[in-house]
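Student: I am new to this structure and would like a close look at a single part. Could you pick one helix and walk me through what surrounds it?

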Amino acid sequence: STIPEKISVEDFSHMLSDLPSNALNACRDVVSPSIQIYLGKTEGISSIRICNNGSIFHRDVLQNLGLARYTTHPETGGSGIGLMDIWMLKERYKATLFIDEVTDSSSAQPYTSINILFNHKKIKHKYN
């Protein structure tokens, strides 16, 4: 099955607005920003993945994920609503959310990947 069969067009459009917006915000202070978007299947499961080389998630953002809106950039208009909307949609569609961050010293810069798998399992994972 494909992503549009798993999620309404409105909700899919909302995700495709919030995820890149968050990636752009993460990359706002990066000299050579890079954002990659993948729509397709991962091991046969419809998925959305967005990766960037911007700043990693602040610990408070991750601790509040799904509980309360939290923004690290209120001065530039951030409200925290984007990740809360992503969480709400993840819950609605029983999707799995993976947040993968590479911050080790061997990496030239941080790397963040957000993966949403439409697998009806409703799991949250964060790897570091």
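Tutor: Happy to! We will need one idea on the way: a patch is made of residues with over 30% relative accessible area and no salt bridge, and nonpolar side chains are joined into it within 5 Å. Please keep in mind that this is a predicted model.

Our part is helix H2, which covers residues 9–26. Let's begin with its length. At 1.5 Å a residue, the 18 residues of H2 should span 26 Å, and the C-alpha atoms at its ends are indeed 26 Å apart, so the two values agree.

Now for the side of the helix that is covered. The buried residues of H2 are Asp 11, Phe 12, Met 15, Asp 18, Leu 19, Pro 20, Ala 23 and Ala 26. Take Asp 11 from that list: its relative accessibility is 13%, and because buried means under 20%, Asp 11 counts as buried.

Asp 11 also has a charged partner. Its side chain meets that of Arg 92 in a salt bridge, at 2.7 Å from N to O. Arg 92 belongs to helix H4 (residues 81–92) while Asp 11 belongs to H2, so this pair ties together parts that are 81 residues apart in sequence. Arg 92 itself is partly exposed, at 45% relative accessibility. The count of salt bridges comes to two; the side chains of Glu 91 and Lys 90 form another, at 3.0 Å from N to O. Here Lys 90 is buried, at 2%, whereas Glu 91 is partly exposed, at 29%.

Let's return to H2 and look at its nonpolar residues on the surface. Leu 16 sits in this helix and is partly exposed, at 30% relative accessibility. Leu 16 joins Leu 24, Ile 35, Ile 37 and Leu 39 in a nonpolar patch on the surface, and together they have about 420 Å² of accessible area. Two elements, H2 and strand S1 (35–42), each give two or more residues to this patch. S1 gives the most, with three residues.

Finally, follow the chain between these two elements. Val 30 is in the loop that links H2 and S1. Beyond its neighbours within four places in sequence, Val 30 is in contact with Asn 53, Gly 54 and Gln 109. With Gly 54, the C-alpha atoms are 6.1 Å apart in space, although the two residues are 24 residues apart in sequence.

Key
Residues numbered from 1 in each chain as written. Predicted model: local features only at pLDDT ≥ 70, side-chain atom pairs only at ≥ 80, totals over all residues. Heavy atoms only, no water. Helix = DSSP H or I, 4+ residues; strand = E, 2+ residues; numbered from the N terminus. Expected span 1.5 Å × (residues − 1). Buried < 20%, exposed > 50% of the residue type's maximum accessible area, 1.4 Å probe, protein only. Patch = residues over 30% accessible without salt bridge, like charges linked within 9 Å, V, L, I, M, F, W, Y side chains within 5 Å. Areas by Shrake-Rupley, 256 points an atom, 1.4 Å probe, with all protein chains shown as cover. Salt bridge = Lys/Arg side-chain N within 4 Å of Asp/Glu carboxyl O. Contact = heavy atoms within 4.5 Å.
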